[in-house]
Amino acid sequence: MSAATIARIWRGRVTPDRADAYERYLLAEGIPPLRKTALAVQLFREDRATHTEFVTTSYWPDVAAMSAFTGGDPNGVHHLPRDAEFLIELPERVEVLRIVVDTWT
């Protein structure tokens, strides 16, 4: 992953009773397009008493490559067709961070 200079982080929350179904949905619909385009992708899940948070981090060689995937706006959120059905609220933004240190080798 040493060619990555940008990390794009998306966060979404669901109710605990919807968490397993949303995880399956993300794995089937959300992660595959990222795997085809990004250098790498990670999906994290944190179960809490009141909600489950999912965090998707994708890694990109530069902002231009990431912008091509998002349709122009690197901070734009690409909602999946069923996100409104699952998510407590639709995220309005993603984090776009420049990678300063990368020891992933």
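Visitor: Leaving aside neighbours within four places in sequence, which residues is Trp10 in contact with?

Guide: This is a predicted model, and in it Trp10 is in contact with Tyr22, Phe54, Val55, Thr56, Val77, Leu87, Pro91 and Val94, once neighbours within four places in sequence are set aside. The residue itself has its place in strand S1.

Visitor: Does one read such a residue by its relative accessibility, and is Trp10 buried or exposed?

Guide: The idea is to compare the relative accessible area with a cut-off, since buried means under 20%. Trp10 has 11% relative accessibility and therefore counts as buried. Across the protein, 36% of the 105 residues count as buried. As for Thr103, which lies 93 residues from Trp10 along the chain, the C-alpha atoms of the two are separated by 22 Å.

Visitor: Where does strand S1 fit in the overall order, that is, what pattern does the protein follow along the sequence?

Guide: Read along the sequence, the pattern is β-α-β-β-α-α-β, which is made up of three helices and four strands. Strand S1 covers residues 6-14 and strand S4 covers residues 95-98, while helix H1 runs over residues 19-37 and strand S2 over residues 40-47.

Visitor: What share of the contacts joins residues at least 24 apart?

Guide: If one takes the contacts between residues at least 6 apart in sequence, 67% of them join residues at least 24 apart.

Visitor: How should I read the overall dimensions, and what radius of gyration does the protein have?

Guide: One sets the value beside that of a compact globule with the same number of residues: for 105 residues the radius of gyration would be near 13 Å, and the protein has 14 Å, which agrees. Along the principal axes, the C-alpha trace spans about 40 × 30 × 20 Å. The protein exposes about 6300 Å², of which carbon and sulfur atoms supply 52%.

Visitor: Turning to charge, how many positive and negative side chains does the protein have?

Guide: There are 12 positive and 15 negative side chains, and the centres of these two sets lie 2 Å apart. Side chains of opposite charge can pair when their charged atoms come close. With a cut-off of 4 Å between a side-chain nitrogen of Lys or Arg and a carboxyl oxygen of Asp or Glu, the count here comes to 10 salt bridges.

Visitor: Which residue forms a salt bridge with Arg11?

Guide: Glu95 forms a salt bridge with Arg11, and the closest N and O atoms are 3.4 Å apart. This pair links distant parts of the chain, with Arg11 in strand S1 and Glu95 in strand S4, 84 residues apart. Both side chains belong to partly exposed residues, because Arg11 has 41% relative accessibility and Glu95 has 26%.

Visitor: Where in the chain do Arg45 and Asp20 lie?

Guide: The side chains of Arg45 and Asp20 meet in a salt bridge at 3.0 Å, N to O. Arg45 lies in strand S2 and Asp20 in helix H1, so that the pair, 25 residues apart, links distant parts of the chain. Arg45 counts as partly exposed at 31% relative accessibility, and Asp20 is partly exposed as well, with a relative accessible area of 46%.

Visitor: Which residues do salt bridges that share partners join into one network?

Guide: One pair to begin with is Glu46 and Arg48, whose side chains meet in a salt bridge at 2.9 Å, N to O. Glu46 is partly exposed with a relative accessible area of 38%, and Arg48 is partly exposed with a value of 38%. Through shared partners, salt bridges join Arg11, Glu46, Arg48, Glu53 and Glu95 into one network.

How values were computed: Residues are numbered from 1 along each chain as its sequence is written. This is a predicted model: local features need pLDDT of at least 70, side-chain atom pairs count only at pLDDT 80 or more; totals for chains, interfaces and linings use all residues. Side-chain values use heavy atoms; hydrogens and water are left out. Helices (H or I, at least four residues) and strands (E, at least two) are DSSP runs, numbered from the N terminus. The radius of gyration is taken over C-alpha atoms; the globule rule is 2.2 Å times the number of residues to the power 0.38. Buried means under 20% relative accessible area, exposed over 50%, partly exposed in between (1.4 Å probe, protein chains only). Contact means heavy atoms within 4.5 Å. Accessible areas come from the Shrake-Rupley method with a 1.4 Å probe; for residues, only the protein chains shown count as cover. Lys and Arg count as positive and Asp and Glu as negative; His and the chain ends are not counted. The place of a charge is taken as NZ of Lys, CZ of Arg, CG of Asp or CD of Glu.
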